[in-house]
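Me: Could you take me through the backbone of this protein, picking out the spots that look unusual? I'm a first-year, so please keep it relaxed.

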Amino acid sequence: MKNILLLGSGGRECALAWKLSQSPLCGTFFIAPGNAGTAEYGINLPVSYNDFEAIGKACIEYKIDIIIPGPEDPLVLGIYDFIKSNPALRHIIVAGPTKAGAQLEGSKAFSKKFMERHNIPTAAYQEFTKDSFEQGVAYIKRSEMPIVIKADGLAAGKGVVIAQNAAEAVKAFRAMVMDEQFGQASSKVVIEQFLDGIELSVFVFTDGTNYVLLPEAKDYKRIGEGDKGLNTGGMGAVSPVPFADDEFMLKVTERIITPTVSGLKQEDILYQGFIFFGLIKVKGEPYVIEYNCRLGDPETEVIIPRLENDLVELILKMEEGKLDEVAVQHSSRAAGAVMLVSEGYPGHYEKGMIMTGFDSVKGSLLFHAGTALKDGKVLTNGGRVLAVTSYGDNITKALEKSYENAALISYSGKYYRRDIGWEFAEK
């Protein structure tokens, strides 16, 4: 039995908590800081996932054996290195990469150079800073439109602009690099070719040498139906992805996943944990849009329910370097998640709305994202509030169940997209 500490407070962490708590290998289970949903599966600790000193104290106090960082921030800031550099903590298994490995997500420029070094297919690009601003403007003006402008560092999912013309591109570039729109995160900017295709998310779990392939997913980022309106953290997701057939996935493993895992090892970058590949299929061929050093949200809310293996057992095999001994089982059922959000999201929204209707839900999993417990009541506490996930024989049937139950949850200002998985609908 292993005492486990899961870091985070979103829907991804609630889905992970649901899964981890089912393992017979899971001892006392803590989530820091957690939410109203994670409290059903373990003990919430009032500790910020970026407060490493407080995390270290909690690890000692509660005799933690395994830490699983959910969000990217603690990984990019070096939680692995912090734990392993402390003699009182270094015995703890960290299911996540070193600070060096987390650069795959933490620096767009690093990840693009890494892909270049290992011949991993991605969009053509150049990187620029304040000092090379004029060269960046010239590069934009001679490039095909649309074009993608990306802040190099973490910008809470807001540091990417797809510009339709040169004027729009120069404006976005100027705001990032000259006006310091995202502070240090946009002190360097990557300008890259726009790839036109259909996106999907692919996930692996690696011990640094071997890896296992987790279920793939497709998420829906736009706030409005028909994929219109502002980008969000994700309004829903489906798994499996019908167009990710065996032939396509063979290309993904041979051209992208294997070269990534072996490339990290070749460069002496210790990487144990999840790798998220944000991919796009262009004329049948896969390209990498981005790497993340953790699982995606809301994709986790559909891929973890479809993973049939014991997650704690996978983590222990990771630590032993023996993931090659594991056969990963994906459920034959589809999963569909619908995200309930607050009115006004992704702009300004109110918190503290009382939520009801949980007892009426039948046949769906409820993964809390932005919720809090107060005086025995569940309140909204974020823009994305709750993921309703269901299984089905196909994506359409899974989503029908999710929509049926989404309608039963009540709070002031509830909104959700009613067309998740629209392109895969089966009659």
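Reply: Here is a walk along the backbone, stopping at four spots. Keep in mind that this is a predicted model, where local features need pLDDT of at least 70, side-chain atom pairs count only at pLDDT 80 or more, and totals for chains, interfaces and linings use all residues. Residues are numbered from 1 along each chain as its sequence is written, and side-chain values use heavy atoms, with hydrogens and water left out.

For the setting, the protein chain has 12 helices and 22 strands (DSSP runs numbered from the N terminus: H or I of at least four residues for helices, E of at least two for strands).

Now a bit of background: most residues other than glycine have a negative phi, and most peptide bonds are trans.

Let's start with the peptide bonds. The one joining A32 and P33 is cis, with omega about -5°, and P33 sits in strand β2, residues 26-33. Another cis bond runs from Y345 to P346, with omega near 10°. P346 is in a loop, between β18 (334-341) and β19 (365-368).

Next come the phi angles. N119 isn't glycine, yet its phi is positive, near 55°. You'll find N119 in the loop between α6 (108-117) and β6 (125-129). Its relative accessibility is 68%, so N119 counts as exposed (buried is under 20% relative accessible area, exposed over 50%, partly exposed in between, using a 1.4 Å probe and protein chains only).

E180, also not a glycine, has a positive phi near 55°. E180 belongs to the loop between α8 (166-177) and β9 (188-193), and counts as partly exposed because its relative accessibility is 49%.
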